[in-house]
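Q: Could you take me through one part of this model up close? I would like to see how one helix sits against its neighbours, with a glance at the ligand site afterwards.

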Amino acid sequence: MKELAGLEINLNCPYGNMAVPSYWKNIDQVTELIIRTKKAARDKILWFKAPTAEYPVKEIVAAVQENGGYAIDIETRKFRCGSWGGGGYSGPALKPYAIMCTHNSSKNAKIPVIGSGGIVCAKDVIEHIMAGAHAVQVGSANLMRPDFMARLIEELEALMDQMHIESLDEIRGCAKYL
Ligand SMILES: Cc1cc2nc3c(=O)[nH]c(=O)nc-3n(C[C@H](O)[C@H](O)[C@H](O)COP(=O)(O)O)c2cc1C
């Protein structure tokens, strides 16, 4: 515990027995989990990964239709992942939905929101910040290149210079509707 800078509590894991409602759908259970974790974490930085499955599904369905959600190995004739054929969806195709989640979450939250989903370049980071994110989290891009984060930080600094942005505070949540 001493070595950890902070902890992410994942409230976004509906996997397992799909027939049983996920624990995060029970608000009393989630509240108790949050209270107990906060107490146990003491002075550690703590953030909670929000479940997104309660958002309107229209956008997810559209994204999955466009980009696929399942994959099949045509040699073995088996689904490539998950015991039911599918798996968590991540990567660039997720970004429009992720930006919506960041925007809606930050509009409603009184605590800082970490944007996550589809970040593969500095422009994506700026987009999440403009949608209201305090910080961002990167997943699958790190699996494509182990040095991704170092490159992203350099690219972000260069883009900020180019856009005459000194601090991300200047642009946080600045995006306006048309
Ligand atoms: C291999 C892999 C495993 C993941 N496992 C989990 C997980 O166990 N729980 C979870 O909430 N998200 C999991 N994710 C999702 C990521 O935390 C992240 O939210 C998602 O990948 C979107 O970000 P990205 O587009 O930058 O990858 C996983 C993603 C990948 C690529």
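A: Happy to, keeping in mind that this is a predicted model. Let's start with helix H4, residues 122–130, which packs on helix H6, residues 148–162, at an angle of about 70°, the two axes being 8 Å apart. Since angles of 65 to 115 degrees count as roughly perpendicular, H4 is therefore roughly perpendicular to H6. The crossing of these two helices is right-handed. On the H4 side, the contact is made by Ala122, Lys123, Val125 and Ile126, and these meet Leu152, Glu155, Leu156, Leu159 and Met160 of H6. By character, the residues in this contact are 7 nonpolar and 2 charged, with no polar ones.

H4 also packs with helix H3, residues 95–108: their axes come within 8 Å and cross at roughly 30°. Angles under 35 degrees count as roughly parallel, so H3 and H4 are roughly parallel to each other. Here Asp124, Glu127 and His128 of H4 meet Lys95, Ala98, Ile99 and Thr102 of H3. This contact of H3 with H4 is made up of 2 nonpolar, 2 polar and 3 charged residues.

Now for the ligand. It is surrounded by 13 residues, the closest being Lys49, Gly91, Gly118, Gly139 and Ser140. Ser140 places a polar side-chain atom 2.5 Å from a ligand oxygen atom, while a polar backbone atom of Gly139 is 2.8 Å from an oxygen atom of the ligand. Ser116 has a polar side-chain atom 3.4 Å from a ligand oxygen atom.

Methods
Residues numbered from 1 in each chain as written. Predicted model: local features only at pLDDT ≥ 70, side-chain atom pairs only at ≥ 80, totals over all residues. Heavy atoms only, no water. Axes fitted to C-alpha atoms, helices over the stretch in contact; angles between N-to-C directions. Helix = DSSP H or I, 4+ residues; strand = E, 2+ residues; numbered from the N terminus. Parallel < 35°, antiparallel > 145°, perpendicular 65-115°, else oblique. Left-handed = near helix turned anticlockwise from the far one by under 90°. Contact = heavy atoms within 4.5 Å. Nonpolar A, V, L, I, M, F, W, Y, C, P; charged D, E, K, R; others polar. Near = heavy atom within 4 Å. Polar contact = N/O pair within 3.5 Å; in protein donor to acceptor, adjacent residues only side chain to side chain.
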